Amino acid sequence: MIRIFAAAALVATTATVSVSQEVAPYLDDRSTAERVVSSLYNAIDRQEYLRAHSYFDPESAPDYDTFREGYATTQNVSLRLGETSSDGAAGTLHFAVPVAIEAVTEEGTAVFTGCYYLSQVQPAVQEVPPFRPMGIDSGKLSKVDTSFDTAMGECDI
């Protein structure tokens, strides 16, 4: 009887520990370029790679399996955004979002800087399904030796 009680207490303790692990709150927001990039890294931090991949424009998205494998040892990520620039032409808005990312992996911590380029076909001119939300056209990151607190990417405009 004592063994059963001890086993039940161990299970209850284990359940409590796993429930109390901190998980980033879910974020899926495509309303601005900054929110799309934030949502991308929220999905990566939560290890929701299919959702992360969905923020890329389908026509320019990286191969899903390669994308997912690139995060195989990633335990968590932190994101800092720089000042977004934008311009519009022929019914499409274009955005450039500089970023700094801190990635904690099984091998250690690394800092990356770079830029994400996004576009949005004006919602008012979209008349044929499916609706095309704002999406990432491309992104380029480079590993840097700068601390995360001072690192920031640059965008070529």
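A residue is called buried when its relative accessible area is under 20%, exposed when that area is over 50%, and partly exposed in between. By this rule arginine 46, with a relative accessible area of 26%, is partly exposed, because its value falls between the two limits. The structure described here is a predicted model, and the values that follow were computed from it.

Helix α2, which runs over residues 33-45, contains 13 residues, and the distance from its first C-alpha to its last is 18 Å, close to the 18 Å expected at 1.5 Å a residue. Most of this helix is covered, since 10 of its 13 residues are buried. The buried residues are Ala33, Val36, Val37, Ser38, Ser39, Leu40, Tyr41, Asn42, Ala43 and Ile44. The cover over these residues includes the helices α3 (49-53) and α4 (64-69), and it also includes the strands β1 (74-81), β3 (92-105), β4 (108-121) and β5 (135-144). An α-helix has 3.6 residues a turn, so residues three or four places apart point the same way.

Serine 38 offers a view of a single position within helix α2. Its relative accessibility is 17%, and serine 38 therefore counts as buried, the limit being under 20%. When neighbours within four places in sequence are left aside, serine 38 is in contact with Leu27, Leu79 and Leu81. Just after α2, glutamine 47 takes a positive phi of about 60 degrees.

A search of the whole structure finds 5 salt bridges. In one of them, the side chains of arginine 46 and glutamate 48 meet at 2.9 Å, taken from N to O. Glutamate 48 has a relative accessibility of 23% and so counts as partly exposed, as does arginine 46 at 26%. Arg46 and Glu48 are further linked with Arg51 in a network of salt bridges.

Another salt bridge joins the side chains of arginine 35 and aspartate 29, with an N to O distance of 3.2 Å; arginine 35, at 34% relative accessibility, counts as partly exposed. The side chains of aspartate 28 and arginine 30 also meet in a salt bridge, here at 3.8 Å from N to O. Aspartate 28 is partly exposed, with a relative accessible area of 41%, and arginine 30 counts as partly exposed at 27%.

Aspartate 156, by contrast with serine 38, lies in the segment after β5, and its relative accessibility of 67% is over 50%, which means that aspartate 156 counts as exposed. The C-alpha atoms of aspartate 156 and tyrosine 117 are separated by 9.6 Å, although the two residues are 39 residues apart along the chain.

The largest pocket holds about 240 Å³ of space. It is lined by 13 residues, of which Gly70, Tyr71, Thr74, Ala103 and Phe112 are the closest to its centre. Strands β1, β3, β4 and β5 each supply at least two residues of the lining of the largest pocket, and the largest share, 3 residues, comes from β3. By residue type, the lining of this pocket divides into 8 nonpolar, 4 polar and 1 charged. The strands β1, β3, β4 and β5 thus appear in two settings, both in the cover of the buried residues of α2 and in the lining of the largest pocket.

How values were computed: Residues numbered from 1 in each chain as written. Predicted model: local features only at pLDDT ≥ 70, side-chain atom pairs only at ≥ 80, totals over all residues. Heavy atoms only, no water. Helix = DSSP H or I, 4+ residues; strand = E, 2+ residues; numbered from the N terminus. Expected span 1.5 Å × (residues − 1). Buried < 20%, exposed > 50% of the residue type's maximum accessible area, 1.4 Å probe, protein only. Contact = heavy atoms within 4.5 Å. Salt bridge = Lys/Arg side-chain N within 4 Å of Asp/Glu carboxyl O. 1 Å grid on protein atoms, 1.4 Å probe; cavity = no way out; pocket = protein on both sides within 12 Å on 5 of 7 lines; lining within 4 Å. Points joined across faces, edges and corners; volume = space filled by probe spheres on them. Nonpolar A, V, L, I, M, F, W, Y, C, P; charged D, E, K, R; others polar.
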